[in-house]
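Reader: I've got a structure open on my screen and no idea where to begin. Could you walk me through it?

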Amino acid sequence: MTIKISRRVMLLGSAGLAAGGLAAGRIAAPAIAQNAPIRLGGLTTLEGPFATGGQDAYRCIQMELERINHTVGGRKIEFVRESSNAQADVALARARKLVEQDNVDIILGPLSGAEGIALRDYSRTLSGKTIVNGSSGASDTTLRNPSPNFFRFSTDGTQWMAGLGRHVYQTLGIREVAVTAGDYAFPYAQVFGFNLEFCRLGGRATHYWAPLGTTDFTSQIAQINRSNAGAIVVVHGGTDGLAFMTQYAQAGGNKPLIGGSIMADQTMLSARGPHRRVMIGMISGGPIADVIDDPTWRDFVERYRKRWLNEGGFQSPSIHGVNYTTNLYGILHALKAVDGDLSNNQAAFQQALAKAEITAPTGATVKLDHNRQAISDIFLNRIEERQGNAQVVAFDRARAINQTLGMPEEQFLKLGAPSRDNPGCVA
Amino acid sequence: MRSAAATWSLLGVLALLALPWLLAQVLPAGQAQFWTANILGRAIVFGIIAMSLTFLATYGGFVSLAQMMIAGVAGYVLAIFVDGAVPRIVGGLGYSLAVPLGLVAATAMGLLVGAISVRTRDIYLLMITLALAMGVFRFVETNIAWFNGYEGIRNVVGPAMPGFDVRDPMVFYHVALGTAALLYFGVLYLVRSPFGLVLQGIRDNPRRVAALGYSVALHRIAAFGVAGFIAGCGGTLSTIYNIGISPGTIGLGATVNVLIMSVIGGLGHPVGAFIGSLIFTVFDTFAATIYDRDRFNTLIGLVFLVIVLVSPDGAIGIGARLRRLLAAGRR
């Protein structure tokens, strides 16, 4: 008898759930009319190892949308937030919800590499929708099998290392490094970019890989401290990077540090702990720095501080925040160019995106290549102590870096995709 | 009573068959599709995986945390061998061969998990199956040559013939529903067969079953094999649904999610798995809409806590409780 009743309850229950869904569906009717608001879906990570970066991305987007009063090309913008946990299948489920349930026209996101590749594949199955990258930086997302409606106004992990390998070899005169990096797409791309210059000049690199989410680096640190490496290249992200640096400082490490792009960032420097001591003087490459001698950047930082310093913001916007903002600028620029016209399966809008030439919050000019990937400026940075705070200061700037670091695309593609077995150290 | 249960189940399946058309009548086109593919379809796929756990727990008394991992084995084998997956690991097989291969692998993994854990029970069984699941997860996450590490294998788009493209949400939904119905009635049939009766005997008193001359160990391993096959079906569908598979799909979070679905649905009957997965999917999808975006996991946690507090035997237990209350009121 129990079974019989339970079935009835199941039917009743699902009917109730369905009814609830219907009610929700009625409220969020789709925006079809041309003067209806444009629905922009945000996808970032508010859970998992990149939660702080994801929060900052939403801070920057909210600030920039507030600045234009949520209006562009004569149309209102409605921003719908979603959250993933840096896993590809979760990002995919959330993106589907944004497109099919929330009826967004454009998705701005995601944050991490594998999510980016999953969303690129998903974008191919969509028509009349556009996905513009958030902060994900795997090079394959746009380099191999690019999708016609996936755009990236931010530079990728390989681009971010432009000039760093040369600086370490030529200016610092270091011939051998230990590379400790996360075992996934983004660090592969970064290590590849570093090695491309460093190994080509004659440098030697030993690699130590650790999966994303590693908390114990002590054995790795012991090996590195015993080795002949003249410097350590650290390419971890989020909480992993913090764990490595903390343990390195506690182990009394004193080799010069070269950082990946998401290491030298306010998400790291604003965290308390012994890692701050060893990080002073660290050299890194990336699309942003805290201090850049550029009026556009100073203005952006000032507005960011005014808006967010008292509401949990950082001293200076994070790399994820800036990447999301750069991509948002691309969207806004194209929307303005077509007067908010998303008709005809967004054809005009996507053309405007492909042709857009914008100025990123850092003051860098951004334009897209034939794969809809950004060509932009990269900064060489050093972490300095200023007014009692650790700050990332840009001391050099490489202009108009493309995705193949200046190499002809065919030759670059022949090197193969970055992976732990192909870290870019080819003679 | 048995036939009544089967009738109700059939009615339920028929209602689910008609539901997409019903939804299309009352919802805007995009939303009907979303509900069909991404709420109901996803719930059914996860329900299949949860049912493999419910089957083991209800009729054998074994709570296995390895079921999501076993589902992932089917997904990974499919992704490794099927043509068109990116990156190409082995490739060369069509879906008609790669899918059965994945199911065989999942069944074999089920048998292996059953064999390894054959001497354990209760909390120890839970721990050993969790350890196996995490071991496979970590291996898959760090192995590039076979599993492409953290990124996983993408572009497993599913079979497509003229008039039958699995990427079409309607087709996918009906394939998933058909698979789920077959497995569901298969389980109901199996537990009334001699094998199923012995299994329930093992649950209630393994010593007595052994004294009657049955091999407890072999029956246990076989039950894990059956559960492995069921989980494999779910894993295959979920891989096609996700257009690929990555380690996150079989990680600790996913493993726990399957357990949550089974528990909130109720471990008393296989249908609990599907109720649980539907509740889970609805909250997982809409919690961020209903509640603060930064804290929506709190809402999900609270809902599950309430269900388990109010009714320790899950959603299907709530029905039984209500009925008893009503009967008491009438008296």
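**Reading a sheet, a helix and two domains**

Author: Sure! Keep in mind that this is a predicted model. Let's begin with a helix and the strands beside it: helix α13 (residues 319-337) of chain A lies across β1, β2, β4 (106-108), β5 and β6 of chain A. α13(A) runs at about 155° to β4(A).

Reader: What holds strands together in a sheet, anyway?

Author: Strands of a sheet pair through backbone hydrogen bonds, either parallel or antiparallel. In chain A, six strands make an open sheet with mixed pairing, in the order β2-β3-β1-β4-β5-β6. The edge strands, each pairing on one side only, are β2 (71-72) and β6 (150-151) of chain A. Another helix, α2 (residues 51-67) of chain A, packs on the sheet and touches β1 (38-45) and β3 (75-84) of chain A.

Reader: Which strands does β1(A) pair with, and over how many bridges?

Author: β1(A) runs parallel to β3(A), joined by eight bridges, and pairs with β4(A) in the parallel sense over three bridges. Try Gly42(A): Arg81(A) stands opposite in β3(A), and Leu108(A) stands opposite in β4(A). Out towards the edge, β5(A) and β6(A) are parallel too, with two bridges; there, Ile131(A) has Phe150(A) as its bridge partner.

Reader: Is β1(A) buried or exposed?

Author: Eight of its eight residues are buried, so β1(A) is largely enclosed by the rest of the structure. Both faces are covered: one side has Ile38(A), Leu40(A), Gly42(A) and Thr44(A), the other Arg39(A), Gly41(A), Leu43(A) and Thr45(A).

Reader: What about domains? How is chain A divided?

Author: Domain 1 is 38-155 + 295-376, and domain 2 is 159-293 + 378-414. Their C-alpha centres lie 25 Å apart, and 28 residues of domain 1 of chain A are in contact with 29 residues of domain 2 of chain A. On the domain 1 side that touches domain 2, α13(A) gives the most, with three residues. By class, that side has 10 nonpolar, 17 polar and one charged residues.

Reader: And how do I read a helix, say α4 of chain B?

Author: An α-helix has 3.6 residues a turn, so residues three or four places apart point the same way. The buried residues of α4(B) include Tyr95(B), Ala98(B), Gly102(B), Ala106(B), Met109(B) and Val113(B). Its buried residues pack against α3 (67-81), α5 (122-142) and α10 (216-241) of chain B.

Reader: Why should α4(B) span 32 Å?

Author: At 1.5 Å a residue, its 22 residues should span that 32 Å; the end C-alpha atoms are 31 Å apart, which agrees.

Conventions:
Residues are numbered from 1 along each chain as its sequence is written. Chains are lettered from A and ligands numbered from 1 in the order in which they are written. This is a predicted model: local features need pLDDT of at least 70, side-chain atom pairs count only at pLDDT 80 or more; totals for chains, interfaces and linings use all residues. Two strands pair if DSSP finds at least two bridges between them. Helices (H or I, at least four residues) and strands (E, at least two) are DSSP runs, numbered from the N terminus. Two residues are in contact if their C-beta atoms, placed from the backbone, lie within 7 Å. Axes are lines fitted to C-alpha atoms, for helices over the stretch in contact, and angles run from 0 to 180 degrees between N-to-C directions. Domain bounds come from an automatic or database domain assignment. Ala, Val, Leu, Ile, Met, Phe, Trp, Tyr, Cys and Pro count as nonpolar, Asp, Glu, Lys and Arg as charged, and the others, Gly among them, as polar. The expected span of a helix is 1.5 Å times one less than its number of residues. A residue is buried if 20 or more other C-beta atoms lie within 10 Å of its own, exposed if 12 or fewer, and partly exposed in between; C-beta atoms are placed from the backbone.
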